[in-house]
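Work through the exercises below with the sequence and the model open side by side. Each task is followed by a solution in steps.

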Amino acid sequence: MKKLNKENIQQEVFDLYDDYAHDRVSRRLFLDKLSVYAVGGITVSSLLSFISPDYVKKIQIQQDDARLKSEFISYESPEGGGSIKGLLSKPADTTGKLPGIVVVHENRGLNPHIEDVGRRAALAGFVSLAPDALTPLGGYPGTDDEGRELQRKRDRNEMLNDFIAAFEYLKAHPDCTGKVGVVGFCFGGWVSNMMAVKVSDLGAAVPFYGGQPKEDIDKINAPLLLHFGELDKRVNEGWPAYEAALKEHAKEYKAYVYEGANHGFHNDTTPRYDREDAELAWKRTIDFFKEKLM
């Protein structure tokens, strides 16, 4: 069997996976279309395995890392899903209060990768809370396919309220200074943008390849740091209008488009991951939060 790597996989395969991951094609149609690229010693099963997330080998910071205090908690979301489960993490050696970061998952619930990102934020010197918007339906079910199916059953504005409630919980937490920002990915990028619109005292927002708000942009108070993959045409098509509105209302923002990067380039569990761009984007994110929240 031919060994697969990013260099011998056509861009159309990544685009097709993006369509599947965002519910624009069914699994059956996805596999049918994927078979077109199963040539030259490459099989459909090997392609599917290659582009699917690997949560076993790719976790950077384990749940029991001694440098952290990390535990699952529940908080109330009266306008959303009720009682919501989330992973709360902070540095183990801290004695004073720290700024907070809400970490918002993609369109599949709080999977092991986003838990890992929450712990990374905590190791950078913050109290982080990574909620699971699938809690009312039993929580992340163990696979992304099942997670996407569950998340489709929830109203996205109710889920937005769940993350706004997470902001309020974190802001009032005894370990937090009360200054709280948000970072999110894909669906979580949309949530981050929308929290900037909806939460007047949000400290900072960092959407990674997230959908853009269409109205009330004048209400944004939080500074924004936006990350886009150059090849992510679906999300990027909404950016010019959003940027124009941000400029019109004199909002503070910085935006970076990472050359040759796909949607999901920060997620190191799939081959869409671009290590150089992901590390740079994360450094910029942490530096931004330190500047705006500390």
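**Exercise 1. Which residue forms a salt bridge with R154, and are the two partners buried or exposed?**

Step 1. R154 has a relative accessible area of 11% and is buried, where buried means under 20% relative accessible area, exposed over 50% and partly exposed in between (1.4 Å probe, protein chains only).

Step 2. Its salt-bridge partner is D162, with N to O at 2.6 Å. A salt bridge is counted when a side-chain nitrogen of Lys or Arg lies within 4 Å of a carboxyl oxygen of Asp or Glu.

Step 3. D162 is buried too, at 0% relative accessibility.

The model is predicted: local features need pLDDT of at least 70, side-chain atom pairs count only at pLDDT 80 or more, and totals for chains, interfaces and linings use all residues. Residues are numbered from 1 along each chain as its sequence is written, and side-chain values use heavy atoms, with hydrogens and water left out.

**Exercise 2. Place R24 and R148 among the salt bridges.**

Step 1. Side chains of opposite charge can pair when their charged atoms come close. The count for this model is 22 salt bridges.

Step 2. R24 meets D18 at 2.9 Å, N to O. R24 is partly exposed at 38% relative accessible area, whereas D18 is buried at 8%.

Step 3. R148 pairs with D145, their closest N and O atoms being 2.3 Å apart. Both residues belong to helix α5, three residues apart, about one turn of the helix. Helices are DSSP runs (H or I, at least four residues) and strands are runs of E (at least two), numbered from the N terminus.

Step 4. R148 is buried at 4% relative accessibility, and D145 is partly exposed at 32%.

**Exercise 3. Describe the surroundings of strand β7.**

Step 1. β7 covers residues 224-229, and six of its six residues are buried.

Step 2. L224, L226 and F228 point one way from β7, while L225, H227 and G229 point the other way.

Step 3. β7 pairs in the parallel sense with β6 (residues 204-208) over two bridges and, also in the parallel sense, with β8 (residues 253-258) over six bridges. Two strands count as paired if DSSP finds at least two bridges between them.

Step 4. H227 is the bridge partner of F208, and H227 also stands opposite Y256 in β8.

**Exercise 4. What lines the largest pocket?**

Step 1. The largest pocket has a volume of about 680 Å³. On a 1 Å grid over the protein atoms alone, a pocket is an open set of points where a 1.4 Å probe fits, with protein on both sides within 12 Å along at least five of seven lines; lining residues have an atom within 4 Å of a point. The volume is the space filled by probe spheres set on the points.

Step 2. Of its 28 lining residues, R156, F187, W190, G211 and R234 are the closest to the centre.

Step 3. Helices α5 (144-151), α6 (156-171), α7 (187-198) and α8 (233-236) each supply at least two lining residues. α7 gives the most, with five.

Step 4. By class, the lining has nine nonpolar, eight polar and 11 charged residues. Here Ala, Val, Leu, Ile, Met, Phe, Trp, Tyr, Cys and Pro count as nonpolar, Asp, Glu, Lys and Arg as charged, and the others, Gly among them, as polar.
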